[in-house]
Amino acid sequence: VRIIRRTRPSKDEKAELWECLFLSVPQIIKFLEHAKGRADWPQMYPMISFAAWTGARRSEMLRSRVEDWNFENGIVAIREKKRVRGRSLSFRLVPIHHELRKAIEPWVKQSKGLLFDFTKAQAVHYFRMIRQNSKWKVVRGFHVLRHSFASNLASRGVNQAMIDAWMGHTTEEMRRRYAHLFPSSQAIAIATLTNIDGALGG
C-alpha cells in the first residue's frame with residue numbers, strides 16, 4: 001500500500017504489486033471470519049481455510065478427497081500433480097493446524113469422495129464474490145493465501161526444508177519467491193547485533 005501511494009503506479013503496475021500481497025496471521029484470521037460470514041457458498045470457508053493453513057494450491061484442493069484427511073494423526077495428504085518423475089500423481093503431508101481442523105473437519109465428515117465439487121472456474125468465481133465490495137478485494141486469489149502461509153512460516157524462523165516439504169517446493173526460484181521475511185522480523189533480527197554486543201560487554 002505504501003508503494004502504491006508513494007509511486008502512483010499505472011493500472012498494470014498496481015495489479016502486479018497486488019499480486020505480491022501477503023497477509024499476516026491476524027489478517028488471515030480476519031479474512032477467514034469474513035469468508036465464514038458469507039454463507040451463500042458453504043464450501044468456500046473450508047476451502048479458503050485449507051489454503052490458508054496448508055499453502056495448498058487451488059488445483060490441489062480441488063483434487064482433495066475425504067480419505068486424505070487423517071484427523072487422528074493430525075495429517076492431511078495433499079494430492080500433487082507430476083512433481084515426482086514417472087508418476088502422474090504424488091502426495092505431500094502437511095500437519096493439520098488446529099484452526100484448520102475446526103474449519104474443515106465438519107465438512108469432511110459430511111462429504112463423500114471429493115471434498116469440493118467446484119470446477120476451477122467456479123472456485124475462482126466464488127472467491128471473487130466473497131471478496132468483492134469489501135476491504136478484502138485486494139486479495140486476488142487463493143495464491144495470496146499460499147504466499148502468506150510460507151511467508152509467515154519463514155518470518156517465524158521455521159526451517160526452510162520443512163517449509164519446502166509442506167509447500168511442495170522443488171526449485172530455488174520457488175524458494176526465493178516465498179521465503180521473504182516481514183520487515184518487523186528483519187528489524188528484530190538486526191537488533192540482535194547490539195544485544196550481542198551488550199552481552200559481551202562491548
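**Exercise 1. Determine whether Gly74 is buried or exposed, and establish its surroundings.**

Step 1. Gly74 has a relative accessibility of 19% and therefore counts as buried; buried means under 20% relative accessible area, exposed over 50%, and partly exposed in between, with a 1.4 Å probe and protein chains only. The model is predicted: local features need pLDDT of at least 70, side-chain atom pairs count only at pLDDT 80 or more, and totals for chains, interfaces and linings use all residues. Residues are numbered from 1 along each chain as its sequence is written, and side-chain values use heavy atoms, with hydrogens and water left out.

Step 2. Gly74 is located in the loop between β1 and β2. Strands (E, at least two residues) and helices (H or I, at least four) are DSSP runs, numbered from the N terminus.

Step 3. When residues up to four places away in sequence are not counted, Gly74 touches Val94, Pro95 and Ile96; contact means heavy atoms within 4.5 Å. Pro95 lies 21 residues from Gly74 in sequence, yet the C-alpha atoms of the two are 5.7 Å apart.

**Exercise 2. Describe the sheet and state which strands stand at its edges.**

Step 1. The sheet is open and consists of 3 strands in the order β1-β2-β3, with antiparallel pairing. Two strands pair if DSSP finds at least two bridges between them.

Step 2. β1 (69-70) and β3 are the edge strands; each has a single partner strand, so one side of each is left without a neighbour in the sheet.

Step 3. Between β1 and β2 there are 2 bridges, and Trp69 stands opposite Val76 in β2. Between β2 and β3 there are 7 bridges, and Ala77 stands opposite Leu93 in β3.

Step 4. The side chains of β3 (residues 89-95) alternate: Ser90, Arg92 and Val94 point to one face and are buried, whereas Leu89, Phe91, Leu93 and Pro95 point to the other and are not.

**Exercise 3. Identify which residues touch the most other members of the largest nonpolar core, and trace the contacts of Trp69.**

Step 1. The largest nonpolar core has 45 residues, of which Ile48, Phe50, Trp69, Ile104 and Phe142 touch the most other members. Such a core is a set of buried Ala, Val, Leu, Ile, Met, Phe, Trp, Tyr and Cys residues joined through side-chain atoms within 4.5 Å.

Step 2. Elements that each supply at least two residues of this core include α4 (44-54), β2 (75-81), α6 (98-110) and α8 (142-155).

Step 3. Beyond its neighbours within four places in sequence, Trp69 is in contact with several residues, among them Phe50, Ile75, Val76 and Ile104.

**Exercise 4. Locate Gln43 and find which side chain it joins in a polar contact.**

Step 1. Gln43 lies in the loop between α3 and α4, and with a relative accessible area of 11% it is buried.

Step 2. The side chains of Gln43 and Asp117 are joined by a polar contact of 2.5 Å. A polar contact is a pair of N or O atoms within 3.5 Å; within protein, one must be able to donate a hydrogen and the other to accept it, and residues adjacent in sequence count only if both atoms are side-chain atoms.

Step 3. With neighbours within four places in sequence left aside, the contacts of Gln43 are Trp107, Leu115, Phe116, Asp117 and Phe118.
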